[in-house]
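Thanks, everyone. Please have a look at the model on the screen, and then I'll walk you through it.

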Amino acid sequence: MRVGKGCDKVTRYEITEKTRYSDEWIWLLLLLVIGFVVWRLVSSLAALGIAIAGLIIVMGLRSKGQKRVGDYVELDDKAIILGQNGETYCITFAEIKKVKTSRLGSLLGGPSFIIETSTGTRRWVQPDDYENGEQLRERLTRRFEQLNYLPVRQSHD
C-alpha cells in the first residue's frame, strides 16, 4: 500500500509468477476420470477426443497464466488503474457506464468484472488472478454497489 502526501490510499494488487494449473486441477482431474470411463464403456476413439480436449484446455490454461504475469490493478477512491499486457489504463469511477459480472472466465473462483466506460471501452478484471484477490473483489464490489453499478447484496444473518 502506498500513501503519499495529499493523496488518497492506493492499493496495488499484482499477478505473481504462477500459472492457473493449481486453480483448475479439479476440472482436469474430472476430465481424466471421464476419459477413463468413456474408454472402458464407450470406445477408445471417444476417449481420444476427450484426451485431445484436455490437452487443448491445459495449453490454454498455461498460456493464459503466463501472459498475465506482471499485470496489476491499483485501486483508490477515485479510479482504477489497470496494467495489462504492458499497457496501463486508468478508469475513473465517474466515467464508468456499466459493470457486469461474469462467471465464464473462472470455473472455481468468483465472478470477473466487465467494466464498460462512457467511451465504449471494456476492461475485464478477474480478482482471483491477483494476490489478495478476495480483498480486491470485496473492495470493487463495495465500491460498485455504492455507485449503483451492481445490485446490493442481501446479508443472510
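I'll take the core, then the salt bridges, then a few spots in loops and helix 1.

Keep in mind that this is a predicted model.

Start with the core. The largest nonpolar core has 19 residues. Ile 80, Ile 96, Ile 115, Leu 140 and Phe 144 touch the most other members. Where do the residues of this core come from? Strand 2, strand 3, strand 5, strand 6 and helix 3 each supply at least two. Helix 3 gives the most, with three residues. In general, nonpolar side chains tend to be buried together in soluble globular proteins.

Now zoom in on Ile 115. Leave aside its neighbours within four places in sequence. Its contacts then include Ile 80, Ile 91, Ile 96, Val 125 and Phe 144. But polar and charged partners are on the list too: Lys 98, Thr 121, Arg 122 and Arg 123.

On to charges. How many salt bridges does the structure hold? Five. Take Glu 74 and Arg 12: the closest N and O atoms are 2.9 Å apart. Glu 74 sits in strand 2 and Arg 12 in strand 1, 62 residues apart, so this pair links distant parts of the chain. Glu 74 is at 8% relative accessible area, so it counts as buried. Arg 12, at 37%, is partly exposed. Glu 14 joins these two in a network of salt bridges.

Next, Glu 116. Its side chain meets Lys 97 in a salt bridge, at 3.8 Å from N to O. Glu 116 is in strand 6, Lys 97 in strand 5, 19 residues apart. Glu 116 also forms a salt bridge with Arg 122, at 3.6 Å between the closest N and O atoms. Buried or exposed? Glu 116 is buried, at 14% relative accessibility. Lys 97 is exposed, at 52%. Arg 122 is partly exposed, at 43%.

Now the backbone. Asn 85 is not a glycine, yet has a positive phi of about 55 degrees. Asn 85 lies in the loop between strand 3 and strand 4, and is exposed at 61% relative accessibility. Asn 132 also has a positive phi of about 55 degrees, again without being a glycine. Its place is the loop between strand 7 and helix 3. Asn 132 is exposed, at 53%.

Last stop, Val 37. This residue is in helix 1. It is partly exposed, with a relative accessible area of 42%. Val 37 and Ala 47 are ten residues apart along the chain, and their C-alpha atoms are separated by 8.3 Å.

That's the tour.

Technical notes
Residues are numbered from 1 along each chain as its sequence is written. This is a predicted model: local features need pLDDT of at least 70, side-chain atom pairs count only at pLDDT 80 or more; totals for chains, interfaces and linings use all residues. Side-chain values use heavy atoms; hydrogens and water are left out. Helices (H or I, at least four residues) and strands (E, at least two) are DSSP runs, numbered from the N terminus. Buried means under 20% relative accessible area, exposed over 50%, partly exposed in between (1.4 Å probe, protein chains only). A nonpolar core is a set of buried Ala, Val, Leu, Ile, Met, Phe, Trp, Tyr and Cys residues joined through side-chain atoms within 4.5 Å. Contact means heavy atoms within 4.5 Å. A salt bridge is a side-chain nitrogen of Lys or Arg within 4 Å of a carboxyl oxygen of Asp or Glu.
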